[in-house]
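Hi everyone, thanks for coming. I'd like to walk you through a structure today, starting with its cysteines and then moving on to a pair of helices.

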Amino acid sequence: MSDDKGLSRRSLFGVGAAAAAAATINWSDFAQAADKNNKRPISFTPDGKYETVPLAKNMINLGIVQSRVVPVELSNLKQSRKANVQHMCDLIDAANGFSGSKDLLFFHEFPITGFYHGWNLKEAHQVAIELPGEETEVLAKKAREYGCWLVFGSYARDPDWPDSLLSITSVMNDKGEIIDKHWKARNIKGFFPGGRELFTTTIYDVLDQYIEMYGEDAVLPVTRTPLGNIVTSSVQREPELFRAFAMKGAEIILRTATGGFTPVDIQATSLYNGVYTAIANNAASPENKYYFADAGGGNSALYGPSGKEIDKAETAFETLVTARIPIADFRARHRQPLVHTELIMPVYERYRSRYGPNLLADYKPTDYDDAGRHLRNKTRWPK
């Protein structure tokens, strides 16, 4: 434990430029002004401050739900998905039980659909859910019952992207409304054995089209809520990404994992940016017949703005990591991270990543092997 004190797409980013100019804007006006067709410029104030909406309370109760990951059965899609959602509901009940009510409950990357490396694109499309949809309506009832915000990931389908499999983290408010849907920013490439690659469509994979549809601000979305400025991400080991989020006003960064992560990567996000960072990993899952029971589970945690651990799962089994975040006091003294851009930008401007953006803009791989074949000769670095 630490000495830190206790603690539709882009729907909230359609506000006009007049609202963007204010440091604090009314939450209801912010939400009502949302327009998915209004492409907002990058939200940024170059004076150390950042945009917010008024807080609902000075202190919030956060719960990180370390829950099992069980892939749904293709032969029994509806019932097995329903069972996963019901299990989430049971855990929401437990989290708001004896230990007291929670303002925000945060689940891992795939609590609804689970994950299985054997699915191809067609099968994963069947597994995926719609946002909103039947499954999220069940969760919405729990959000309303407890007056609790919910954050959770899932494979998802979107009619605007009919050929794509999306990995989306949803932010649901205490009224049961999905107020934001965060796409995964990018997938790791060149990592898996046998030349296999992930075939989900991320922002980076279709970057130009994504910006055309949703605007530049939606590339790195900060969801401004009455509980604080929330960012979500399932990306690992890319500190520049979270630095940029912090520059845009992130206060609480909620990171998801499946099958493990590097704890120091999570801790450093808080240390280098002066924000709260949580990680929700899956629990050991003996119900999962495709992998060993431990499945890289455990170690879900929360770190404070100084980088010190506030609370951590002491078991790999299902558990709840909890903390009270003094969000009002934090906001009163918090500023953007200190970055001497004039020193580093000449290098950043010349750097090119190993794989460029838009590599899935015109082709959607059908499985992991096909994704590997598609990307094999597209590296920008010499072999």
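Here is what I'd like to show you, and please keep in mind that this is a predicted model.

Let's begin with the disulfides. A disulfide is a covalent bond between the sulfur atoms of two cysteines. How many disulfides does the count come to here? The count is zero. Cysteine 89 is in no disulfide, and the nearest cysteine sulfur, that of cysteine 148, is 12 Å away. Why is there no bond for cysteine 148? Its closest cysteine sulfur is the one in cysteine 89, and 12 Å is too far for a bond, because the cut-off for a pair of sulfur atoms is 2.5 Å.

Now, are these two cysteines buried or exposed? Cysteine 89 is buried, with a relative accessible area of 2%. Cysteine 148 counts as buried too, at 0% relative accessibility.

On to the helices. Helix 3 covers residues 77-95 and helix 5 covers residues 134-146. They pack at an angle of about 10°, and their axes are 10 Å apart. With that angle, helix 3 and helix 5 are roughly parallel to each other. The crossing of helix 3 past helix 5 is right-handed.

Which residues make the contact? From helix 3, they are Lys78, Arg81, Val85, Met88, Cys89, Ile92 and Asp93, so our cysteine 89 from earlier is one of them. From helix 5, they are Glu134, Glu135, Val138, Leu139, Lys142, Glu145 and Tyr146. Sorted by type, the residues of this contact are seven nonpolar and seven charged, with no polar ones.

That's my tour, and I'm happy to take questions.

Conventions: Residues numbered from 1 in each chain as written. Predicted model: local features only at pLDDT ≥ 70, side-chain atom pairs only at ≥ 80, totals over all residues. Heavy atoms only, no water. Buried < 20%, exposed > 50% of the residue type's maximum accessible area, 1.4 Å probe, protein only. Axes fitted to C-alpha atoms, helices over the stretch in contact; angles between N-to-C directions. Helix = DSSP H or I, 4+ residues; strand = E, 2+ residues; numbered from the N terminus. Parallel < 35°, antiparallel > 145°, perpendicular 65-115°, else oblique. Left-handed = near helix turned anticlockwise from the far one by under 90°. Contact = heavy atoms within 4.5 Å. Nonpolar A, V, L, I, M, F, W, Y, C, P; charged D, E, K, R; others polar.
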